[in-house]
Amino acid sequence: MSATIRLTMAQALVRYLAALRVEGGEPLFGGAFAIFGHGNVAGLGEALYQYRDSFSTYRAHNEQAMAHSAIAYAKAHMRRRMMAVTSSIGPGATNLLTAAALAHVNRLPVLLLPGDVFVSRAPDPVLQQLEDASDGSVSVNDAFKPLSRYFDRIVYPEQLLTALPRAIAALTDPAACGPVTLSLPQDVQTMAYDYPADFFEPRIVRFRAVPPVEQELEEAAALLNNAKQPLIVAGGGVLYGKASAALQAFAERHGIPVAETQAGKSALPWNHPLQLGAIGVTGSPAANALAAEADVVLAIGTRLQDFTTGSNSLFAQAQLVSLNVNAFDALKRRGLGLQADATLGLQGLSPLLGNWNSAGHWLDRAQQAGNAWCATVASITGRRDVAGLPYDGEVIGAVQRSSKDSTTRDIVVCAAGTLPAELHKLWRTETPGGYHMEYGYSCMGYEIAGGLGVKMAKPASEVIVMVGDGSYLMMNSEIATSVMLGKKLIIVVLDNRGYGCINRLQQACGNASFNNMLPDSAPVIDFALHAQSLGALSEHVGNISELEQAMLRARAAPRTYLICIDTDDTRTTEEGGCWWEVAVPEVSTQAGVQAARIRYELDRQGQQK
């Protein structure tokens, strides 16, 4: 008879997670973020305390934010390590829903452990319980079902024996990776069961690399062999597949220029001769010009989001080969799907191409365009004497100039507003992961919490959070958490007095400026003083020169340091970009909207159907 150990469901859960290791010996889980309430403090809270020496628990200030931190931690580890997050029932649980959606969209692992109502229904309804008159089994945690890659409600302690292995399989699956929710009724958390002792033995979790199918390789090679003007679009799958070296070797051997999506930026060093820069709506003129003329596009590890494809207009004339570990993505846009791990796919494809190279004139043109764009970036980011308020591009330059090794040591973190476009075009990095952008969900409020998760994952790096005033005001509480945990961030707040990005989009669609920018009667917010109240060091600077000096002080500071600078809400980098479909009203009394509708209908004619 096999040995057993009697544990509560919550104790068994934590003990199982603590035993998991990745190759190399590090724990799979970096611990758990927890905010306790009546739905988890007595059960899971007791278990986390019992195993605190082998499974770390971190206190946060906002449930959504702590989940963002956990997701950023996994992204910074290229999905090879992750964290758990627990909340109480009710609002604590539903505060996690936005983060669950963010993780699902971005294909990033996070284990969500929300408390739930009593299975026994002895106390009914309990505090914070949602009642459904037509279904007694419903709780607010059912809202996690469409937002989770795997969902289970643990109503018996022994269910963990099947639920936990399934949860880990989903969290570490290269294609189905995403959030997992184990809903934990508060009475079941405290129930005991005699678990098999070997269930808690240390084990290595291995990350599978999906090999390509030979027939698909041959079909892809046949398409590329006939290409004269090919282009590689590198997505996040290049980074998650740890395929940067394979990408560089493939591009160099076959002379194919490379453009990067938001998720794929940093897959190739910014100064590589085949690097064209960002692609799409926030792309460089070099990448977008060649994308418009490419005859074959090899899309590697990308979801082909509308910002990448210019709402399916940017490379509508090209044949598409989509190398992706996920069949769902590999089949998009009626392209030729090559379902495989990025590294294995490239390594399998290259021998079939033999000595094939792109046309000489195409490669020459790509390198000239790439060099010209690098010169433009240097010109934009090199401006110091700016008349009037600076704009984001000039701020980015000052941030990078403040360190001689910024392209190798710094990690920039951002998510929403104007900054993602400017950073996608202008941020320079030589290190995979040196650009950390959450742009699948583009969630305002991710930035500071995400920066904390990145710092926890990469403590030796300088983590620089660049955030607009709008996102800052939505969620800033994890400044206090970063100080409390001793995880230093540099936070640069660009204050343009409102939602400048959406205001410009509103006007571009023919509308008047409305409900986006702060009125003159609104209070002037002292972001530096606010950050001080949360424990950070801070200052407000008046120009680019002062920002550069402040960055030096921030880099030398012992704890989180916030710098605020006022910026121009009207100026953006004019170079680059392409059409993005935003539906304009078919009927309007405004002349501007009427004109925008005409332009919209003309632009839609270039869309691939």
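Partly exposed residues have a relative accessible area between the buried limit, under 20%, and the exposed limit, over 50%. Keep that cut-off in hand for this predicted model.

**Stop 1: Met474.** Select Met474 in helix H20. Its relative accessible area is 46%, so Met474 counts as partly exposed. Now add Tyr499 and Ile502 to the selection. With Met474, these residues make up a nonpolar surface patch. Together the three have about 280 Å² of accessible area.

**Stop 2: Ser477.** Move along to the loop that links helix H20 (469-474) to helix H21 (478-485); Ser477 sits there. Show side chains for Ser477 and Glu478. A polar contact of 2.8 Å connects the two side chains. Which residues does Ser477 touch, not counting those up to four places away in sequence? Select His61 and Asn62: Ser477 touches both.

**Stop 3: Phe33.** Go to strand S3, residues 29-34, and pick Phe33. Is Phe33 buried or exposed? Phe33 is buried, because its relative accessibility is 0%, and the limit for buried is under 20%.

Next, display what surrounds Phe33. Neighbours within four places in sequence are left aside here. Start with Tyr58, Ala60, Met66, Ser69 and Ala70, which are among the contacts of Phe33. Then add Met83, Ala84, Val85 and Thr86, also in contact with Phe33. Finish with Leu452 and Met456, which contact Phe33 as well.

**Stop 4: across to Asn226.** Keep Phe33 selected and add Asn226. The two are 193 residues apart along the chain. Draw a distance between their C-alpha atoms: the separation is 52 Å.

Terms used. Residues are numbered from 1 along each chain as its sequence is written. This is a predicted model: local features need pLDDT of at least 70, side-chain atom pairs count only at pLDDT 80 or more; totals for chains, interfaces and linings use all residues. Side-chain values use heavy atoms; hydrogens and water are left out. Helices (H or I, at least four residues) and strands (E, at least two) are DSSP runs, numbered from the N terminus. A polar contact is a pair of N or O atoms within 3.5 Å; within protein, one must be able to donate a hydrogen and the other to accept it, and residues adjacent in sequence count only if both atoms are side-chain atoms. Contact means heavy atoms within 4.5 Å. Patches are made of residues with over 30% relative accessible area and no salt bridge: like charges are joined within 9 Å, nonpolar side chains (Val, Leu, Ile, Met, Phe, Trp, Tyr) within 5 Å. Accessible areas come from the Shrake-Rupley method with a 1.4 Å probe; for residues, only the protein chains shown count as cover. A salt bridge is a side-chain nitrogen of Lys or Arg within 4 Å of a carboxyl oxygen of Asp or Glu. Buried means under 20% relative accessible area, exposed over 50%, partly exposed in between (1.4 Å probe, protein chains only).
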